Amino acid sequence: MKMKDVLEGYNYDLPLIDAMNDAELRPFRRLLAGALMGESLDAGYFATREMADAYFDLWNDVRKGVRYGEGYLAFEEILKDKNPLQMKLWYLTCERDLNETVKDMRWLAILANRRGYMARAVRESGADVLHVAARNLVVGKTPAELVADKTVWN
């Protein structure tokens with residue numbers, strides 16, 4: 001059997017499914033893995049990485065005794081942009097211990113990177129790289145799109 005045949009139609013969410021089903025993994029990490037399900041490969045990685053970096057910068061600010069440092073400014077931009085994945089991750093993590101959250105978000109960024117890296121393996125095998133984000137499968141407007149233009153909610 002050729003590698004192309006094995007990787008044809010590869011499900012890029014498999015690493016996330018594996019993490020969600022890993023009984024030895026802390027429940028919160030399993031929840032974070034589920035938050036990435038159905039996200040596009042590139043946006044999933046870059047949005048997660050930006051959040052992980054912002055949490056690290058916030059942790060570093062706290063360690064240095066800086067109140068409005070790089071982490072605060074990074075989160076100010078992230079929260080202003082209202083990227084749906086980042087908002088989901090923010091609400092999942094914003095009330096947790098900062099030290100643990102830094103570790104968990106670094107773990108998630110690595111998982112998102114591994115997930116996206118599979119596109120290279122698929123391409124090198126000669127199989128078609130095909131991944132459709134769940135958001136792209138929605139017919140019509142989503143609730144987020146419907147309320148986005150209402151200033152009372154923004």
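**Exercise 1. Is Lys103 buried, partly exposed or exposed, and what is its relative accessible area?**

*Solution.* Keep in mind that we are working with a predicted model.
Step 1: Lys103 has a relative accessible area of 47%.
Step 2: Buried means under 20% and exposed over 50%, so Lys103 counts as partly exposed.

**Exercise 2. Find the salt-bridge partner of Lys103 in helix α7, and work out how the two are spaced.**

*Solution.* Step 1: Lys103 pairs with Glu100 in a salt bridge, and their closest N and O atoms are 3.6 Å apart.
Step 2: Both belong to helix α7, and because they are 3 residues apart, about one helical turn separates them.
Step 3: Glu100, at 28% relative accessibility, is partly exposed.

**Exercise 3. Trace the salt-bridge network that includes Lys103.**

*Solution.* Step 1: The network links Arg26, Arg29, Arg96, Glu100, Lys103 and Asp104.
Step 2: Take one pair from it: Asp104 and Arg96 meet with an N to O distance of 2.9 Å.
Step 3: Compare their surroundings. Asp104 is buried at 1% relative accessibility, whereas Arg96 is partly exposed at 28%.

**Exercise 4. Describe how helices α3 and α7 pack, and name the residues in contact.**

*Solution.* Step 1: Two packed helices are described by the angle between their axes and the distance between the axes.
Step 2: Here α3 (residues 27-35) and α7 (residues 98-125) meet at about 45°, with axes 10 Å apart. That angle makes α3 oblique to α7.
Step 3: The crossing of α3 and α7 is right-handed.
Step 4: From α3 come Phe28, Arg29, Leu32 and Ala33, while α7 supplies Lys103, Asp104, Met105, Trp107, Leu108 and Leu111.
Step 5: Sorted by class, this contact has 7 nonpolar, no polar and 3 charged residues.

**Exercise 5. Which salt bridge does Asp53 form, and which helices does the pair link?**

*Solution.* Step 1: Asp53 pairs with Arg106, the closest N and O atoms being 3.0 Å apart.
Step 2: Asp53 lies in helix α4 and Arg106 in helix α7, 53 residues apart, so to speak a link between distant parts of the chain.
Step 3: Asp53 is partly exposed at 27% relative accessibility, and Arg106 is partly exposed at 27%.

**Exercise 6. Place Gly44 in the structure and list its contacts.**

*Solution.* Step 1: Look in helix α4, residues 41-64, to find Gly44.
Step 2: With a relative accessible area of 0%, Gly44 is buried.
Step 3: Beyond residues up to four places away in sequence, Gly44 touches Leu36, Glu39, Leu85 and Ala112.
Step 4: The C-alpha atoms of Gly44 and Ala109 are 8.8 Å apart, although 65 residues separate them along the chain.

Note on methods
Residues are numbered from 1 along each chain as its sequence is written. This is a predicted model: local features need pLDDT of at least 70, side-chain atom pairs count only at pLDDT 80 or more; totals for chains, interfaces and linings use all residues. Side-chain values use heavy atoms; hydrogens and water are left out. Helices (H or I, at least four residues) and strands (E, at least two) are DSSP runs, numbered from the N terminus. Buried means under 20% relative accessible area, exposed over 50%, partly exposed in between (1.4 Å probe, protein chains only). Contact means heavy atoms within 4.5 Å. Axes are lines fitted to C-alpha atoms, for helices over the stretch in contact, and angles run from 0 to 180 degrees between N-to-C directions. Angles under 35 degrees count as roughly parallel, over 145 as roughly antiparallel, 65 to 115 as roughly perpendicular and the rest as oblique. A crossing is left-handed if the near helix is turned anticlockwise from the far one by less than a right angle, and right-handed if clockwise. Ala, Val, Leu, Ile, Met, Phe, Trp, Tyr, Cys and Pro count as nonpolar, Asp, Glu, Lys and Arg as charged, and the others, Gly among them, as polar. A salt bridge is a side-chain nitrogen of Lys or Arg within 4 Å of a carboxyl oxygen of Asp or Glu.
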